[in-house]
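Good morning, colleagues. Please take a moment to look at the sequence and the structure before I turn to the details.

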Amino acid sequence: MRTLKLVPAETKIDFIRLHIASFIVSLFLVAASLGLFFTQGLNFGIDFKGGTLIEIGTNGPANIGDLRDVIGKLDLGEVQIQEFGSPDDVLIRVGEKVDATDNADNLSAVDKIRNALPQDVTFRRVEVVGPQISGELVQAGFLAVTVAIGLMLFYIWLRFEWQFSVGAVLALIHDIILTIGVFCLIQIEFNLSIIAAILTIVGYSMNDTVVVYDRVRENLRRFKKMPLSELANMSINSTLSRTVMTSVTTLLALFSLYILGGEVIRGFTMAMIWGVFVGTYSSIFIAAPVLMYLGVKRDWSEAAKD
């Protein structure tokens, strides 16, 4: 019985020949992502902005216009109302009031909305985040990503040498900035689940990079006089089948979650899908070619072997 092969066992694709073009594309995308971040910004959820999130279910398809009219008369400040998955599922976001001192004000908003809506409306979920908690969550999320990158750099430095750690961290930063840029562009809600997705992307991208770097190190021992560009190409091609198979199987699960998992996890799965693509790209076109410019030793001692 013949098995399905997405990539031939032996490929001879000249990836390194494209590294200048890939660097230029990546620099452009990074600059565009930073530009979007500082101009348009992220669509922060209540995890980071503070406020109240209410998910309601209506008896039949919801009339968003009527809901806006009813809730708009309650003088709650900034309110956003939108369909959430099915036509009878509605998400109401009430922004944190400037003069709110604690969660009591936000709970008061929930009571006003509950009293204003018809009795057949069901309240499926209520989340309240105060301004102090939201500020702490922003700091904790930023710290988590920073610590993850720092630990990855330290790990690669110990396992290989400093040139490899620099290449790996550049690829990680590239992936994170591009992911944030996508969220700035499409304005999907950025909440704690997206921070979890970014941390997962860091791990996935690093795993892809380590696989390539392991093969580079192995080939550095075996082919001490081979040009580094040719050696990097050979290393990438020898791990390409494994990289593609891992990415495809991961994407199958993620697309299933994106389609069938509902609105609650859609932002998380969307970030993960993007992360698989950009992580695979950076491990091939960023992490490996960077080694040619940093210079790696060609004579590895036996002690360096794992």
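Let me begin with a question: within how many Å do the axes of helix 7 and helix 8 come, and at what angle do they cross? I should say at once that the model is predicted. In this model, the axes of helix 7, residues 192–222, and helix 8, residues 228–260, come within 9 Å. They cross at roughly 145°, and the crossing is right-handed.

Which residues make this contact? From helix 7, the contributors are Tyr-204, Asn-207, Asp-208, Val-211, Val-212, Arg-215, Val-216, Asn-219 and Leu-220. From helix 8, they include Leu-228, Leu-231, Met-234, Ile-236, Arg-242 and Thr-250. Also on the helix 8 side are several serines and threonines, among them Ser-235, Ser-238, Thr-239 and Thr-243. By residue class, the contact of helix 7 with helix 8 divides into 9 nonpolar, 9 polar and 3 charged residues.

I now turn to helix 1. Helix 1 spans residues 19–39, which is 21 residues. From its first C-alpha to its last, helix 1 reaches 30 Å, close to the 30 Å expected at 1.5 Å a residue.

Which residues of helix 1 are buried? They are His-19, Ser-22, Phe-23, Ser-26, Val-30 and Ser-33. These residues lie on the same side of helix 1, because they cover an arc of only 100° around the axis. The cover over the buried residues includes helix 6, residues 162–186, and helix 9, residues 266–294. On the other side of helix 1, by contrast, Ile-24, Leu-27, Phe-28 and Thr-39 are exposed.

Two backbone positions also deserve a remark. Just after helix 1, Gly-41 takes a positive phi of about 80°. Gln-187 has a phi near 60°, a positive value in a residue other than glycine. Where does Gln-187 lie? Gln-187 is in the loop between helix 6 and strand 6, the latter being residues 189–190. Gln-187 counts as partly exposed because its relative accessibility is 30%.

Finally, let me place these details in the whole chain. The protein chain has 9 helices and 6 strands. Of its 306 residues, 44% count as buried. Among the contacts in the chain with a separation of 6 or more, 79% come from residues 24 or more positions apart.

Thank you for your attention.

Technical notes: Residues numbered from 1 in each chain as written. Predicted model: local features only at pLDDT ≥ 70, side-chain atom pairs only at ≥ 80, totals over all residues. Heavy atoms only, no water. Helix = DSSP H or I, 4+ residues; strand = E, 2+ residues; numbered from the N terminus. Expected span 1.5 Å × (residues − 1). Buried < 20%, exposed > 50% of the residue type's maximum accessible area, 1.4 Å probe, protein only. Arc of directions from axis to C-beta. Contact = heavy atoms within 4.5 Å. Axes fitted to C-alpha atoms, helices over the stretch in contact; angles between N-to-C directions. Left-handed = near helix turned anticlockwise from the far one by under 90°. Nonpolar A, V, L, I, M, F, W, Y, C, P; charged D, E, K, R; others polar.
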